[in-house]
Amino acid sequence: MTVHPMLDLVDAVAVRLADPDTASSVFQAHRQHLAYGPPGIALLHIERAANGLGPWQRAHNWLAAGSQGLLTTGPDSHPFYGMPAFAHALSCAADRLPGSYQRALGAMDRQIEIDVRRRLDAAHRRMDAGGLPQLAEFDAIRGLTGYGAYLLRRDPGGLTIRDVLDYCVRLTEPITHSGEILPGWWCATGPSGSPDGRFPGGHANSGMAHGVGGVLALLALAARKGAVTNGRHGALRAVLAWLDRWQEETGKGPAWPYWITRSELRTGRIVPSGPRRPSWCYGTAGLARARQLAALATGDTDRQIGAENALAAALTEPGQLGATADNGLCHGFAGLVHIAVRAAEDAHPSTAGRLRAAIPALLAAIWPPESDLERTAAAFVSGAGGVGPGLLDGAAGTALALLAAGTAVPPRTAWDACLLVA
């Protein structure tokens, strides 16, 4: 299968998601949710329209549907829910339609700044008191790293993004807690964010979605875009050194654990496990992209090549791919495709071809050559196989990844900025 026919599947998915009125189930619980609801579905139509592949009206209809009623702000909102989620989608459209949506975006940006300031104040009070953070304080989905991704696009030279970056720098500094020296992002809970008897003493989360991988990516992207903050290079080095310390050699290439437990920290040894999926949210693919971005930001060519080779190995290693069980962006094949596409754009000449060569097999895993187009699209949108219509785990996100791969050009909007991969 060549790459280009993937656009047929994108078109078929988009047709099935053309009208918000025919997808009423999306609105029952997820009207304001970027991962599952209208804001994420709007991104598919925005990106297609920006590529000249579909009408802007579809994007507008989804944005209008998602904005009916009050949007949640304050502590009950976060980058993937409420006003910040909707602002991300709206800003992606506004970037391609100069003059559009400016009044609404201006009001949203002011409210988001207020909410970010409150979060920063609370985080610094926690740090001053010597407490450990909650994942939701800093992660990419619910926390300040996710807000930073939005602010870096909207106002890269602004004071608020600088303060978020300063917070990220401080987060990477070690903390002494209960007599032990821990990384500053150590959480007392399990990976769910709740107390968990399987994680006595808490854990240090590595993931892009909920851990320090997202922090690393944000600091690196900010550096590449000229958003300077004191201590940036030291923070990048600190996170990279942590990941270097816990790097595992699989015989097929390096890999990084999803998290480190207190017992692993004390012994210096990772508890062995079977192959893990190399996903965006957790795993080697997302972390390899973050490490590549950090290497590009610091001019470290050897580290860049190492990250790219690690990614290429993860994308072709049967054990890790065998643990990948769905097609979504978050932890499925679409996320692997999109990371490969983005990483190949920035890759060193010695590794770019290896990354691109991995993409066709990943695409075939999403849409096997013998599969019927219409049935595949219908299954994606209806939720068969645990997919559904949304962005993070569903059809809209899968179609966006296929669109970038199928057109062989970078996305024309910043739809994937919320993933911190570009």
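For the residue classes used here, Ala, Val, Leu, Ile, Met, Phe, Trp, Tyr, Cys and Pro count as nonpolar, Asp, Glu, Lys and Arg as charged, and the others, Gly among them, as polar. The model described is a predicted one.

## Pockets

By these classes, the lining of the largest pocket divides into six nonpolar, six polar and six charged residues. This pocket has a volume of about 290 Å³. Its lining has 18 residues, and those that lie nearest the centre of the pocket are Thr-250, Ala-255, Gly-274, Pro-275 and Arg-276.

The second largest pocket has a volume of about 250 Å³. There are 12 residues in its lining, with Val-341, Arg-356, Ile-359, Ala-405 and Ala-408 nearest the centre. Helix 16 (333-346), helix 17 (349-366) and helix 19 (395-407) are the elements that give two or more residues to this lining. By class, the lining of the second largest pocket holds 10 nonpolar and two charged residues, and no polar ones.

## Cavities

The structure holds four cavities of 30 Å³ or more. The largest cavity contains about 110 Å³ of space. Its lining is made up of 13 residues, of which Pro-79, His-88, Gly-146, Tyr-150 and Cys-418 lie nearest the centre. Two elements, helix 5 (83-96) and helix 8 (144-154), give two or more residues to the lining of the largest cavity. Helix 8 gives the most, with five residues. The lining of the largest cavity has 10 nonpolar, two polar and one charged residues.

The second largest cavity has a volume of about 40 Å³. Its lining consists of Ala-149, Leu-152, Arg-153, Leu-221, Lys-225, Ala-417, Leu-420 and Ala-422. Helix 8 gives the most to this lining too, with three residues. By class, six of the lining residues of the second largest cavity are nonpolar, none is polar and two are charged.

The four spaces are set out below.

| Space | Volume | Residue classes in the lining |
|---|---|---|
| Largest pocket | about 290 Å³ | six nonpolar, six polar, six charged |
| Second largest pocket | about 250 Å³ | 10 nonpolar, no polar, two charged |
| Largest cavity | about 110 Å³ | 10 nonpolar, two polar, one charged |
| Second largest cavity | about 40 Å³ | six nonpolar, no polar, two charged |

## Helix packing

Two packed helices are described by the angle between their axes and the distance between the axes.

Helix 8, which lines both cavities described above, also packs against helix 6 (residues 102-128), at an angle of about 140 degrees and with the axes 11 Å apart. Angles over 145 degrees count as roughly antiparallel, and 65 to 115 degrees as roughly perpendicular. The angle of about 140 degrees falls in neither range, so helix 6 and helix 8 are oblique to each other. Their crossing is left-handed. On the helix 6 side, the contact is made by Leu-105, Asp-109, Ile-112, Val-116, Arg-119, Leu-120 and Ala-123, and on the helix 8 side by Leu-144, Tyr-147, Tyr-150, Leu-151 and Arg-154. By class, this contact has nine nonpolar and three charged residues, and no polar ones. Tyr-150 thus appears in the contact with helix 6 and among the residues nearest the centre of the largest cavity.

Helix 1 (residues 6-16) packs against helix 18 (residues 373-382) at an angle of about 50 degrees, and their axes are 9 Å apart. Helix 1 and helix 18 are therefore oblique to each other, and their crossing is right-handed. Helix 1 brings Asp-8, Leu-9, Ala-12, Val-13 and Arg-16 to the contact, where they meet Leu-373, Glu-374, Thr-376, Ala-377, Ala-378, Phe-380 and Val-381 of helix 18. The residues in this contact are eight nonpolar, one polar and three charged.

Helix 10 (residues 212-224) and helix 11 (residues 232-245) cross at roughly 145 degrees, with axes that come within 10 Å. The crossing of helix 10 and helix 11 is left-handed. Val-212, Leu-216, Leu-219, Ala-220 and Ala-223 of helix 10 meet Arg-232, Ala-235, Leu-236, Val-239, Leu-240 and Leu-243 of helix 11. By class, the contact of helix 10 with helix 11 has 10 nonpolar residues, no polar ones and one charged.

How values were computed
Residues are numbered from 1 along each chain as its sequence is written. This is a predicted model: local features need pLDDT of at least 70, side-chain atom pairs count only at pLDDT 80 or more; totals for chains, interfaces and linings use all residues. Side-chain values use heavy atoms; hydrogens and water are left out. On a 1 Å grid over the protein atoms alone, a cavity is a set of points where a 1.4 Å probe fits but cannot get out, and a pocket is an open set with protein on both sides within 12 Å along at least five of seven lines; lining residues have an atom within 4 Å of a point. Grid points are joined across faces, edges and corners, and a volume is the space filled by probe spheres set on the points. Helices (H or I, at least four residues) and strands (E, at least two) are DSSP runs, numbered from the N terminus. Axes are lines fitted to C-alpha atoms, for helices over the stretch in contact, and angles run from 0 to 180 degrees between N-to-C directions. Angles under 35 degrees count as roughly parallel, over 145 as roughly antiparallel, 65 to 115 as roughly perpendicular and the rest as oblique. A crossing is left-handed if the near helix is turned anticlockwise from the far one by less than a right angle, and right-handed if clockwise. Contact means heavy atoms within 4.5 Å.
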